[in-house]
Amino acid sequence: MEMRKPKYVNEILGLLDEHYSTDYKCYLNHENAWQLLIATMLSAQCTDARVNVVTKDLFKKYDSLEKFAGADIKELEEDIRSTGFYHNKAKNIISCANTIVTKYNGEVPNSIEALTSLAGVGRKTANVIRGNIFHEPSIVVDTHVKRISKKLGFTNQEDPEKIEYDLMRVLPKDHWILFNIQIITHGRGLCTARNPKCDECFLNKYCKSANKK
């Protein structure tokens, strides 16, 4: 398919590199692996900005995995309430912290299998950790990546895991992590979900949605 030819893909990646930084940037504030893991768990159905507000105090109160593992669930629920779905998030965070402390000697594991075996950790969260902490080429499929990848013809799937595998086939490994960072910026700025600025977008000639107008 034409959309998957290297020339087509490289043109898009070149434009993304030109318009956005090629620096690796994580939008969730953290100082270590377990903080990023918990912040990413909190980010489900929540904005990064809100998570950063919550974790500013949260990581002072619970300044170790052991403290999260021993947290009172009702108290933790109140601490993270504003991120939404706080019942499940609190339960998963405590369980996840317990497993890392007891099974992995307090060190966040780096394999996709070990990470996804943790409570509340799916492939998206696991790939955030693998990419940002362990610098393993990983593709993170969030709402921006899912939506814009379909517009660019990189995938026609709905399931995030299937999209991940499609993108692994389409994108060169050196852009796996970078693609997510750039597409988040693109999705928040030009290609917003509700009101995309197609006339201003430097990718509009490649976009299925823009070309339907």
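**Exercise 1.** Leaving aside its neighbours within four places in sequence, which residues is L76 in contact with?

*Solution.* The model is predicted, so local features need pLDDT of at least 70 and side-chain atom pairs count only at pLDDT 80 or more, while totals for chains, interfaces and linings use all residues. Residues are numbered from 1 along each chain as its sequence is written, and side-chain values use heavy atoms, without hydrogens and water. Contact means heavy atoms within 4.5 Å. With the neighbours within four places set aside, L76 contacts L58, Y62, F68, A71, A90, I93 and I94.

**Exercise 2.** Find the residues of the largest nonpolar core that touch the most other members, and the helix that gives the most to this core.

*Solution.* A nonpolar core is a set of buried Ala, Val, Leu, Ile, Met, Phe, Trp, Tyr and Cys residues joined through side-chain atoms within 4.5 Å. Buried means under 20% relative accessible area, exposed over 50%, and partly exposed in between, with a 1.4 Å probe and protein chains only. The largest core has 37 residues, and L37, F68, L76 and I80 touch the most other members. At least two residues each come from α2, α3, α4 (65–69), α5 (73–80), α6 (86–103), α7 (112–116) and α8. Helix α2 gives the most, with eight residues. Helices here are DSSP runs (H or I, at least four residues), numbered from the N terminus.

**Exercise 3.** Describe how α2 packs with α6.

*Solution.* Two packed helices are described by the angle between their axes and the distance between the axes. Axes are lines fitted to C-alpha atoms, for helices over the stretch in contact, and angles run from 0 to 180 degrees between N-to-C directions. For α2 and α6 the angle is about 155° and the axes are 10 Å apart. The two helices are therefore roughly antiparallel, a term for angles over 145 degrees. On the α2 side, L37, I38, M41 and L42 take part, meeting K89, N92, I93, C96 and I100 in α6. By class, this contact has seven nonpolar, one polar and one charged residues. Ala, Val, Leu, Ile, Met, Phe, Trp, Tyr, Cys and Pro count as nonpolar, Asp, Glu, Lys and Arg as charged, and the others, Gly among them, as polar.

**Exercise 4.** Is T125 buried or exposed, and which residues does T125 touch?

*Solution.* T125 is found in helix α8 (residues 123–132). Its relative accessibility is 9%, so T125 counts as buried. Not counting residues up to four places away in sequence, T125 touches L37, T40 and M41.

Conventions. Parallel < 35°, antiparallel > 145°, perpendicular 65-115°, else oblique.
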